[in-house]
Protein chains: 2
Amino acid sequence: MSMWSTFDRQMMTRALQLARKGRYTTRPNPNVGCVLTLGQKVIGEGFHKKAGEPHAEVHALEQAKSNIHSNTDPNESARGATAYVTLEPCSHFGRTPPCALALIHAKVSRVVVAVQDPNPNVAGKGIALLREAGIHVDVGLYQNEAIAVNDGFMKRMETGMPYVSVKVAASIDGKTALSNGISKWITAAASRRDVQRLRLRHCAIVTGINTVIEDDCSLNVRHNELGELSESLAETAILQPLRVVLDSNCQISLSAKLFLTKTPILLVSTQPYSAEFINSKPSHVECLLLPSLNGRVDLKSLFKHLGKDCNSVLIEAGATLAGAVIEQALADELWLYQAPILLGSQGRSCLTLPDYLQMSQTPEITLLDERKIGEDRCFRFKLTSKKL
Amino acid sequence: MSMWSTFDRQMMTRALQLARKGRYTTRPNPNVGCVLTLGQKVIGEGFHKKAGEPHAEVHALEQAKSNIHSNTDPNESARGATAYVTLEPCSHFGRTPPCALALIHAKVSRVVVAVQDPNPNVAGKGIALLREAGIHVDVGLYQNEAIAVNDGFMKRMETGMPYVSVKVAASIDGKTALSNGISKWITAAASRRDVQRLRLRHCAIVTGINTVIEDDCSLNVRHNELGELSESLAETAILQPLRVVLDSNCQISLSAKLFLTKTPILLVSTQPYSAEFINSKPSHVECLLLPSLNGRVDLKSLFKHLGKDCNSVLIEAGATLAGAVIEQALADELWLYQAPILLGSQGRSCLTLPDYLQMSQTPEITLLDERKIGEDRCFRFKLTSKKL
């Protein structure tokens, strides 16, 4: 690997910024950003916005074409340019033609790639194509940052499992509700808007039947609760995450509020639903039978199933399910929305976890990020997969 | 009240900074800072460092004297000057002569006072003395900040009760130990050093007999654990807080580690200690009998007693005592040292609080301050005295 110039770093930083612009809309595709430069000048920029639409490189090349002087051949607009891309350019014909070919046809002379695409359809073939065409390719600039931008996509491509985040709202004494279940509201409205945006970054939201029964929640993304994001994202552009309810014993009622919103719902049980239920359920609802573990849906099987289509899964559930995901070392992150209140020692715990006998048995967590949201705090922790 | 000039604000801000320099050493005296100016020039500064030693105004006047040109009469050094003081200059002969007189003798022409001294020996008399001498006095600049600098002194002078802070170390799920009591260490060494400095700001540390039995703690301030403060504060200058153990049923053993440190200890019980215990206890240990409430030392009686000498009390105790102080609306502040760990739902709660039935019954807390200490967080909350 070569040493990177300051200019290289600046351009890849910009490309990563661009990539992040797609974080609410590209799934299940990865977020990708691209910057095209000629000499020390940016001639085009782009990011991938939505599955099925052009990739970042194509947007950047289009911009370069429209930016050139009228006396230049549009097909020569990127000749000799350097392309900074946050993910290896694709090499396969999907819904769009391969970006590696687009860069070759545009006659760029150098491509800087942050990280190789783990998608088995690409996996180095894009880089190989470019090099065969005589283009100089450098790989690895801001690799960790580029992986973080696509944590879900990366994990799913490499392991078949989605990236799993557990969301918890709690008081400073670690409670999520009073003993009688009252929890409206622990966190302030601004935090709840933040959770709406968090949902939108995930391919699926998983909850348990008890949460559905107790809260009669909709679990959808509501445009009018997206805060500042609602201005830049049209309501019709909202990609609703798949709503998954773990309903081991087929307890759900079709009168639950959840069903009123007509976006996909997956009901997961460990015994078959009745024929009557199957016949009367709305068409946007699917049922899935999975093995049980201690009388509940086996979480590993669940994530394996979701990993077929979902990069990222958000657990928004009660303490039992949220705790189980952490206890079984299946969680990648914990998002803790902490409110400056005391709910008291009789309140409900935010996470049901085992009776640890030694400090070394407790889950290993590392703070990734911390934000103030009004009076609340949002802490984002990485969980390392220490087996309990 | 006049409008304050920018210069006035700058000078009082500086005087408050100076006052805070005494926060580890002046008790039970208040922290006071003074800045003397002539025109737009600072000619002297000072702060009160230690009870029995000169007050802030005297230090500032001394500095003004030593700063003057050799051809000026030293007694004229502050003629026409303005004195900015964070607390009303005293008017009574205590261990030192009254500062109001010192300012009058120095022929200052204006005194700006942040807040009147609630001490019944002063209480406006200092201001009156100055005005009678023809000095222009303005009162109220940064009054709230000046009260905060002396929260303990102010509360005690006004109510006879000390300012009570509860310190808690907890995991992000609100636990202070595993179920088996293991708690070493929740917070990191840097946080524990911070607690040493916190102790030093208090006149007394209160704990319960169970904490003494379980942790065999010393509850003293250790010079080698004061971190950066140990450089500016000599070990001999450490004013050890009174150590108070609530020992309702006279369970304490004279072999407890606590007794090895020869600074004052107060044992509080609700029944008399045995004559044998009284005869064999070390001389730095006193015993106090107080009324009981539900079989434990009545906390209101305790604080009333401590309020005779102590401005501020720090509760460093188990969840029962710490929770009771909050539950009985006797706490002014909560200091939460929060570590990025999960101790699990079976762990010990950090505060024993009642089973609240409505959100409105929970204690009302407001964030005053938040600091990062390594990976830990220190949150300082103000508790308002909503009766539960």
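Between domain 1 and domain 2 of chain A, an area of about 1000 Å² is buried, with carbon and sulfur atoms giving 58% of that area. On the side of domain 1 of chain A, A:Tyr24, A:Arg27 and A:Asp151 supply 70% of the area buried against domain 2, more than any other three residues. I should say at once that this is a predicted model.

Let me place these two domains. Domain 1 of chain A covers residues 6–151, and domain 2 of chain A covers 160–384. Their C-alpha centres lie 35 Å apart. In terms of residues, seven from domain 1 of chain A are in contact with 16 from domain 2 of chain A.

I turn now to the chemistry of this interface. Which residue forms a salt bridge with A:Asp151? The partner is A:Arg380, and the closest N and O atoms of the pair are 3.7 Å apart. The rule finds one salt bridge across the interface of the two domains of chain A. Between these domains there are also four residue pairs in polar contact, counted with both residues at pLDDT 80 or more. The side of domain 1 of chain A that touches domain 2 comprises two nonpolar, two polar and three charged residues.

Finally, the relation between the chains. A turn of 180°, with a shift of 0.0 Å along the axis, lays chain A on chain B with an RMSD of 0.0 Å. The two copies are therefore related as by a two-fold rotation axis. Of the residues of chain A, A:Gly174 comes closest to that axis, its C-alpha being at 2.1 Å. Both copies use the same surface, since 100% of the contact residues of chain A recur in chain B.

Terms used:
Residues numbered from 1 in each chain as written. Chains lettered and ligands numbered in written order. Predicted model: local features only at pLDDT ≥ 70, side-chain atom pairs only at ≥ 80, totals over all residues. Heavy atoms only, no water. Domains from an automatic or database assignment. Contact = heavy atoms within 4.5 Å. Buried area = accessible area lost by both parts, 1.4 Å probe. Salt bridge = Lys/Arg side-chain N within 4 Å of Asp/Glu carboxyl O. Polar contact = N/O pair within 3.5 Å; in protein donor to acceptor, adjacent residues only side chain to side chain. Nonpolar A, V, L, I, M, F, W, Y, C, P; charged D, E, K, R; others polar. Least-squares fit on C-alpha atoms with pLDDT ≥ 70 in both.
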